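Colleague: I'd like to go through this one with you and ask how each label gets earned. Could you set the values against the cut-offs as we go?

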Amino acid sequence: MFDSGDFSETPLWYKDAIIYELHVKTFFDKNGDGIGDFKGLTEKLDYLESLGVNAIWLLPFFPSPLKDDGYDISDYYDIHPHYGNMRDFKNFLREAHHRGMKVIIELVLNHTSDQHKWFQRARKKDAPKKWRDFYVWSDKPDNYLDARIIFQDFETSNWTRDPENEKFFWHRFYSHQPDLNYDNPEVQKEIFKIIDFWMKMGVDGMRLDAVPYLFEREGTNCENLPESIDFLKKLRAHVDRYYQNRMILAEANQWPEDAILYFGNGDACHMAFHFPLMPRMFMALRMEDRFPIIDILEQTPPIPDNCQWALFLRNHDELTLEMVTDEERDYMYRVYARDKAARINLGIRRRLAPLLENHRRKMEIMKFLLLSLPGTPTLYYGDEIAMGDNHFLGDRDGVRTPMQWSADRNAGFSRANPQKLYLPVTIDPEYHYETVNVENQEQNQTSFLWWVKRVIAMRKNFKAFGRGTIEFLHPDNPKILAFLRKYQDEIILVVINLSRFSQVVELDLSPYAGYTPVEVFSKNPFPVIQEKPYIMTLGFHTYFWFVLKKEVVASPEKKVREISLLKSKSDWIELFSSQLKTKIESMILPQFLMEQRW
Ligand code: NOJ
């Protein structure tokens with residue numbers, strides 16, 4: 001595959017991406033109706049650009065009764081009037097593209113809203129078979145009983161009786177979200193039409209919601225069926241055939257050996273979320289032990305070269321604990337959700353900062369990990385300023401409150417009457433919007449926001465993070481997580497102290513004897529690696545990225561600076577005459593800049 005390496009041009013852009021996930025309603029309300037809109041989001045693109053993210057994943061923005069935050073779509077071809085209109089969307093897309101940003105939208109293909117016209121015509125008593133067959137019906141709710149119930153706090157069965165035609169319809173999520181019938185070729189055709197509509201408009205990627213559940217087969221748990229994977233391959237072939245540089249991302253909350261099915265042989269989805277890794281990062285931090293992370297990544301089979309994991313810490317859903325053992329789930333509830341109100345279904349409805357008790361170093365470690373492990377990091381809006389949550393709101397709304405821009409009314413999110421907001425802003429004293437907001441943090445260079453910006457900017461200098469291999473080191477001290485990321489001649493050593501106490505560690509770096517580890521933020525060279533164990537002392541909750549350089553690198557402090565002298569016979573302004581200016585720009589400045597630790 002041709003790969004120029006240029007982010008906007010390369011088909012593999014998703015490997016170098018830093019994805020920012022948001023719902024348009026949460027971001028910025030331009031028309032003052034209390035709900036974020038596309039005009040508002042477009043205005044905030046400068047913010048996203050300055051944060052350093054280069055792909056935006058938009059949660060569903062289509063017409064919908066909004067009983068599942070838009071994952072209940074009633075029309076796939078329009079924009080929900082709350083958020084603006086098609087012109088606003090296209091304008092947003094164009095502006096994002098101007099900035100070199102990719103736009104990923106949702107394809108909710110497993111189910112529709114019960115308000116969708118397909119369901120309305122299918123449920124009629126005298127509906128012809130061709131309409132009825134868009135969904136999965138049964139006279140009795142006794143098929144596919146081996147399928148688990150996903151929203152177990154809300155539903156007691158995957159079947160619901162439709163009062164209109166007195167038959168039962170199949171649904172893996174809420175009972176207002178009937179599952180489409182993928183055995184019907186007409187359904188598949190409709191899905192391809194939807195894809196064409198949005199791809200032609202120019203969206204760069206689609207997150208495929210709930211893909212493990214497309215087909216149903218008796219005697220199975222109705223997840224990850226070969227029929228579902230085959231359909232995704234057809235979908236991929238279609239996208240490849242008609243469009244360039246697009247990406248499809250599977251939302252498959254599955255164990256690694258099942259999740260990799262969604263990559264096919266590099267001919268199904270380009271990306272898939274790594275669900276089992278996410279809770280294990282939290283576990284490792286709390287246990288102060290690297291085992292959970294290494295264990296799950298060692299259980300993760302290799303994936304085709306053109307594929308990529310999507311990594312995340314938090315998202316718009318609960319911190320799901322489906323992909324852990326019962327013991328691990330008990331542990332996670334005990335340490336991260338003592339308050340039972342924070343639990344929902346099989347998970348925890350909390351944001352990053354409250355989960356980590358607003359501990360700055362812990363938040364840094366988690367983000368650092370996210371940006372260091374193999375895959376493409378996905379950041380959830382608001383976590384870059386350590387926003388709080390409100391689990392007293394219903395369902396998962398507590399992690400979907402308005403973005404906090406400033407200390408102004410409604411956190412600077414909207415000019416509306418505060419009672420009109422789609423959800424209340426956070427006023428928990430610890431995370432109050434008057435303190436936790438973008439404006440405050442932009443003005444304070446030591447804020448979490450600036451930390452996130454700096455780390456993102458630094459990560460972008462190295463291709464190894466998005467594309468490289470990973471090799472774990474196994475020092476005796478289990479509290480230290482250390483690994484190498486390698487891509488072509490780039491070698492990065494990542495060292496993280498998961499403990500709240502200082503630690504010493506001996507790393508076996510003997511294959512790199514003679515190399516110098518240079519810490520990337522300070523550019524400080526550390527002692528040259530030798531055959532014997534490399535000893536490091538680490539303060540509590542510290543983390544490092546080192547580039548391993550073949551040559552011996554002198555410390556910037558130790559270097560005797562030779563200051564270049566420029567002489568001018570008359571006025572100093574003459575120094576900027578064209579000839580000398582070129583010299584300054586091409587020879588003197590770069591050398592000077594390179595020697596600066598910043
Ligand atoms: C997964 C989405 O992330 C979640 O928010 C939604 O409720 C279900 N799929 C159903 O669409």
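Modeller: Let's start with Gln 441, which touches Glu 384, Ile 385, Val 436, Ser 447, Phe 448, Leu 449 and Trp 450, leaving aside residues up to four places away in sequence. A contact here means heavy atoms within 4.5 Å. Bear in mind that this is a predicted model, where local features need pLDDT of at least 70 and side-chain atom pairs count only at pLDDT 80 or more, while totals for chains, interfaces and linings use all residues. Residues are numbered from 1 along each chain as its sequence is written, and side-chain values use heavy atoms, with hydrogens and water left out.

Colleague: What makes Gln 441 count as buried or exposed?

Modeller: Buried means under 20% relative accessible area, exposed means over 50%, and partly exposed is in between (1.4 Å probe, protein chains only). Gln 441 has 11%, so buried is the word. You'll find Gln 441 in helix α16, residues 438–443. Helices are DSSP runs of H or I with at least four residues, strands are runs of E with at least two, and both are numbered from the N terminus.

Colleague: What about Asp 383: buried or exposed?

Modeller: Buried, because its relative accessible area is 3%. Asp 383 sits in the loop between β14 (376–380) and α16. Its contacts beyond four places in sequence are Arg 314, Arg 351, Leu 352, Lys 367 and Phe 448.

Colleague: Which residues surround the ligand?

Modeller: Among them are Asp 68, Tyr 71, His 111, Phe 151, Asp 209, His 316 and Arg 396. To count as near the ligand, a residue needs a heavy atom within 4 Å of it.

Colleague: And what makes the link between His 111 and the ligand a polar contact?

Modeller: A polar contact is a pair of N or O atoms within 3.5 Å. (Within protein, one atom must be able to donate a hydrogen and the other to accept it, and residues adjacent in sequence count only if both atoms are side-chain atoms.) A polar side-chain atom of His 111 lies 2.9 Å from a ligand oxygen, so the pair passes. Asp 209 has a polar side-chain atom 2.8 Å from an oxygen of the ligand, and for an N or O atom in the side chain of His 316 the distance is also 2.8 Å. On its own the ligand has 290 Å² of accessible area, and the protein covers 97% of that.

Colleague: How do you know whether Phe 151 is buried or exposed?

Modeller: Its relative accessibility is 6%, so Phe 151 is buried. This residue is in the loop between β4 (137–138) and β5 (159–161). Phe 151 touches Asp 68, Phe 173, Tyr 174, Gln 177, Asn 345 and Arg 396, again leaving out residues up to four places away. Phe 151 and Leu 346 are 195 residues apart in sequence, yet 8.3 Å apart in space, C-alpha to C-alpha.

Colleague: What makes a group of residues a nonpolar core?

Modeller: The members are buried Ala, Val, Leu, Ile, Met, Phe, Trp, Tyr and Cys residues, joined through side-chain atoms within 4.5 Å. The largest such core has 170 residues, and Phe 89 and Trp 198 are among those touching the most other members. Helix α8 (residues 185–201) gives this core its largest share, eight residues. A second, separate core has 19 residues, including Leu 493 and Phe 544.

Colleague: Why do we say β17 and β21 pair?

Modeller: Two strands pair if DSSP finds at least two bridges between them. Five bridges join β17 (residues 490–497) to β21, so they qualify, and they run antiparallel. Val 495 has Phe 544 in β21 as its bridge partner. β19 (residues 516–519) pairs with β21 over four bridges, also antiparallel. As for cover, six of the seven residues in β21 (543–549) are buried.

Colleague: Which strands stand at the edges of the sheet β11-β13-β12?

Modeller: β11 (319–320) and β12 (343–344) do; each has a single partner strand, so one side of each lacks a neighbour in the sheet. This open sheet has antiparallel pairing.

Colleague: Last one: what is Lys 523 called, in terms of exposure?

Modeller: Partly exposed, because its 38% falls between 20% and 50%. Lys 523 also has a positive phi, near 65°. Most residues other than glycine have a negative phi.

Key: Areas by Shrake-Rupley, 256 points an atom, 1.4 Å probe, with all protein chains shown as cover.
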